[in-house]
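Visitor: I would like to look closely at a single part of this protein rather than at the whole. Could you choose one and take me through it slowly?

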Amino acid sequence: MSRLITGLALATGLFTTASAFAVEISISCSALGKEYEICKQGVDAWAQKTGNTVKIVSTPNSATERLALYQQLLAAGAGDIDVFQIDVVWTGILADHLQDLTAKAGGGIGSHLPAMAETSQVNGKLLAMPWFADAGLLYYRQDLLDKYKRPVPQTWGDLTETARIIQEGERKDGKGDFWGYVWQGRAYEGLTTNALEWIASYGGGTIIDEKGEITIENPKAAEALKTAAGWVGTITPEGVLNYTEEEARGVFQAGNAAFMRNWPYAWALAQGADSTIKGKVGIAPLPKGGADGRHAGTLGGQLLAVSKYSKNADAAIDLVMYLTGEEEQKRRAIEGSFNPTIVALYGDADIAKVNPFIGDLADVFSNAVARPATVTGQNYNRVSTEFFNTVHQVLSKRALPEEALNRLDRDLKRIKRNGWQ
Ligand code: GLC
């Protein structure tokens with residue numbers, strides 16, 4: 001009898017400890033800059049709190065390669081990854097493979113930036129939780145602007161001129177590998193975000209408008225591409241045609257460029273203890289396309305989604321809610337300059353102290369230019385691929401802007417056929 005009671009007690013004991021039901025969740029985190037390390041700290045904290053374990057699956061840095069990997073895994077119905085870090089432009093593409101989180105998010109989504117909340121939903125279903133918001137920004141070397149007595153450029157014309165002056169001056173001073181302006185020119189999703197900024201800043205639209213009309217073949221878009229092609233080999237190294245975010249940051253952070261286009265994450269690294277440019281960097285909105293153009297930063301960012309094929313969906317959802325919650329978003333903003341998606345954190349004094357640009361550039365984030373992902377749904381990746389390949393041809397002088405845009409217009413019409421969805 002007593003043995004039975006002991007047995008029962010033991011069983012009950014086991015029943016109440018978390019570890020008896022501990023599961024292993026696997027999450028894919030991207031590893032741009034400090035992203036992996038900061039993701040790891042977050043998942044470790046959740047693991048500690050819940051008694052579960054978390055395995056991080058690292059993924060390629062290029063957004064385009066990462067999407068291909070996800071599509072392969074999900075198409076096979078593989079449950080290997082429970083939680084996916086997905087790009088804001090992928091929710092429509094991956095929708096069929098993601099769990100609906102509506103019931104689990106409580107009233108949560110309403111506290112997020114509206115543009116980010118929108119990217120998390122498809123046909124009324126909440127398929128991901130916003131994790132951090134991105135917008136394209138101009139990084140500049142304040143010390144060099146001071147040295148050459150130049151203001152922060154307001155138009156692409158100003159930037160071209162100032163970059164040239166600084167580049168010539170620094171090269172004369174013995175820095176033979178110094179460049180004016182670095183950005184992301186490889187044929188991948190990052191080029192779509194850069195080129196959309198140039199085109200939108202000239203008033204050339206967003207490739208496809210909100211109604212689904214293809215608008216890319218227009219003189220302003222051609223002018224924007226012509227301007228950018230003019231940088232390659234003059235103020236920008238030819239190598240930019242193979243740069244993603246990290247290659248551009250490598251050149252800028254080594255002190256070898258006056259200007260860089262990048263996302264907010266580069267701030268925490270440029271200001272890091274081991275950075276050669278610490279204390280010399282400023283951030284501004286990207287330049288306008290001429291006096292009557294506008295400052296345009298592409299809206300980017302990442303969400304966390306749970307796979308339909310997860311065998312531990314409850315724990316996976318709990319992890320997503322923890323990582324996208326206020327406390328963790330605040331920690332990530334301070335440690336890694338990842339812009340929160342929770343609106344209330346924009347008034348947070350601790351975040352403002354380490355990342356002054358988050359408050360100063362609030363306009364850039366609220367007016368960020370969205371890629372045509374919602375309107376093109378499942379077809380977005382095809383649209384973006386045609387677009388970045390076309391832009392890459394123009395940048396590498398294999399095609400003239402007007403003829404390239406004419407061809408792109410035709411290719412997009414073929415993809416659209418009877419509609420996007
Ligand atoms: C960043 C952005 C993402 C964008 C990608 C392009 O990861 O968050 O939205 O698509 O860069 O390289």
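Guide: Before we begin, an axis here is a line fitted to C-alpha atoms, for helices over the stretch in contact, and angles run from 0 to 180 degrees between N-to-C directions. Helices (H or I, at least four residues) and strands (E, at least two) are DSSP runs, numbered from the N terminus. This is a predicted model, in which local features need pLDDT of at least 70 and side-chain atom pairs count only at pLDDT 80 or more, while totals for chains, interfaces and linings use all residues. Residues are numbered from 1 along each chain as its sequence is written, and side-chain values use heavy atoms, with hydrogens and water left out.

Let us follow helix α18, residues 380-395. Its axis and that of helix α19 (residues 401-416) come within 10 Å and cross at roughly 165°, which makes the two roughly antiparallel, the term for angles over 145 degrees. Their crossing is right-handed, meaning that the near helix is turned clockwise from the far one by less than a right angle. The contact (heavy atoms within 4.5 Å) involves several residues of α18, including Arg382, Glu386, Phe387 and Val394, and several of α19, including Pro401, Arg407, Leu408 and Ile415.

Helix α18 also meets α9 (residues 219-231), where the axes come within 8 Å and cross at roughly 50°. These two helices are therefore oblique to each other, the word for angles that are neither under 35, nor over 145, nor from 65 to 115 degrees. Here too the crossing is right-handed, and Leu225, Ala228 and Ala229 of α9 meet Val391, Val394 and Leu395 of α18.

Leu395 leads us further inward, for Leu395 is one of the residues with the most contacts inside the largest nonpolar core, which has 104 residues, and Trp198 is another. Such a core is a set of buried Ala, Val, Leu, Ile, Met, Phe, Trp, Tyr and Cys residues joined through side-chain atoms within 4.5 Å, where buried means under 20% relative accessible area (1.4 Å probe, protein chains only). Leaving aside neighbours within four places in sequence, Trp198 touches residues from both helices, among them Leu225 and Ala228, and Val391 and Leu395.

One last detail is Ile207, found in the loop between α8 (189-201) and α9. Most residues other than glycine have a negative phi, yet phi of Ile207 is near 75°, and Ile207 is buried, with a relative accessible area of 2%.

Key
Buried < 20%, exposed > 50% of the residue type's maximum accessible area, 1.4 Å probe, protein only.
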